[in-house]
Amino acid sequence: MDAYDCIVTKLEVREFDESSLVPSEIRLKILEAARLTGSSLNTQPWRFIVVQNQENLKKLAEDSTSGKWISGANFAIIIITNPYFRFHLIDAGKVVQNMQLAAWNFGVGSALFTGIDEQKIRDDFALPIDYKPVIVVGFGYPKKKITGKFKKKNRLPMNELVSFEEYGIASIKNRT
């Protein structure tokens with residue numbers, strides 16, 4: 001899929017087809033997309049915990065304050081970062097975006113949550129003390145057929161989001 005098409009068609013998917021497993025080759029490509037993501041000063045402050053076992057996916061749902069749907073995912077990735085590095089949260093966002101776009105390229109849906117009961121997830125998944133759990137992403141083939149390009153996203157219009165040179169200047173023409 002073209003990178004731009006991937007970006008404009010990607011949707012958050014929280015309901016997964018439990019009868020279709022994502023092949024290991026695609027899982028590895030998603031992880032490779034994460035590994036190759038750029039980070040601030042190349043610190044690579046992230047580590048990834050892949051959760052595939054159904055019982056562990058249920059535990060992950062219990063460790064969440066906003067992601068109970070994760071128990072229906074084919075697999076999930078817990079992103080932990082080292083808060084010693086100043087831009088660790090920005091880097092976590094970049095790595096998640098790359099994983100989600102790589103997955104979407106192969107028809108795999110995903111969604112994320114950040115509502116985490118930190119102590120429970122630490123205990124359940126043996127997180128090291130110097131890393132903080134920041135994002136969990138669930139992956140799987142969508143339960144419902146996705147129409148991709150033809151689905152209209154509910155987004156603000158460009159003229160409400162973009163200013164030129166100064167806030168509130170809607171176009172370059174207004175500057176002359």
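1. Contact here means heavy atoms within 4.5 Å. On that basis, among the contacts in the protein between residues at least 6 apart in sequence, 76% join residues at least 24 apart. The structure is a predicted model, and the remarks below should be read with that in mind.

2. On confidence, the protein averages a pLDDT of 91, and 93% of the residues score at least 70. Confidence is highest in strand β2, residues 75-81, at 98, whereas it is lowest in helix α6, residues 158-161, where the mean is 84.

3. As to the overall architecture, the secondary structure consists of 6 helices and 4 strands, and these follow one another along the sequence in the pattern α-α-β-α-β-α-β-α-β-α. The C-alpha trace spans about 60 × 40 × 30 Å along its principal axes. Of the 176 residues in the protein, 40% are buried, and the accessible surface amounts to about 10800 Å², with 54% of that area belonging to carbon and sulfur atoms.

4. Helix α5 deserves a closer reading, beginning with Ile121, which lies in that helix. Is Ile121 buried or exposed? Its relative accessible area is 1%, and Ile121 therefore counts as buried, the cut-off being under 20%. Leaving aside residues up to four places away in sequence, Ile121 touches Leu60, Asp63, Ile78, Ile116, Ala126, Leu127, Pro133 and Val136. By contrast with these contacts, the C-alpha atoms of Ile121 and Ile7, which are 114 residues apart along the chain, are separated by 31 Å.

5. Asp117 is found in the loop between β3 (109-113) and α5, and with a relative accessible area of 30% Asp117 is partly exposed. The C-alpha atoms of Asp117 and Asp63 are separated by 5.3 Å, although the two residues are 54 apart along the chain. Asp63 is also one of the residues that Ile121 touches, so a reader following the contacts of helix α5 will come upon Asp63 in both connections.

6. Two backbone conformations should be checked by eye. Most residues other than glycine have a negative phi. Ala126, which is not a glycine, nevertheless has a positive phi of about 50°. Ala126 is placed in the loop between α5 (118-125) and β4 (132-140), and it is exposed, with a relative accessible area of 65%. Ala126 is, in addition, among the residues touched by Ile121, which is itself buried.

7. The second case is Gln44, again not a glycine, whose phi is positive at about 45°. Where does Gln44 lie? Its place is in the loop between α2 (24-35) and β1 (46-51). Gln44 is partly exposed, at a relative accessible area of 32%, whereas Ala126 is exposed.

8. Finally, the largest pocket has a volume of about 180 Å³. Its lining comprises 10 residues, and those that lie nearest the centre of the pocket are Glu12, Val13, Arg14, Lys144 and Ile146. How many residues of each class make up this lining? There are 4 nonpolar and 6 charged residues, with no polar ones.

Technical notes. Residues numbered from 1 in each chain as written. Predicted model: local features only at pLDDT ≥ 70, side-chain atom pairs only at ≥ 80, totals over all residues. Heavy atoms only, no water. 1 Å grid on protein atoms, 1.4 Å probe; cavity = no way out; pocket = protein on both sides within 12 Å on 5 of 7 lines; lining within 4 Å. Points joined across faces, edges and corners; volume = space filled by probe spheres on them. Nonpolar A, V, L, I, M, F, W, Y, C, P; charged D, E, K, R; others polar. Helix = DSSP H or I, 4+ residues; strand = E, 2+ residues; numbered from the N terminus. Buried < 20%, exposed > 50% of the residue type's maximum accessible area, 1.4 Å probe, protein only. pLDDT = per-residue confidence, 0-100. Areas by Shrake-Rupley, 256 points an atom, 1.4 Å probe, with all protein chains shown as cover.
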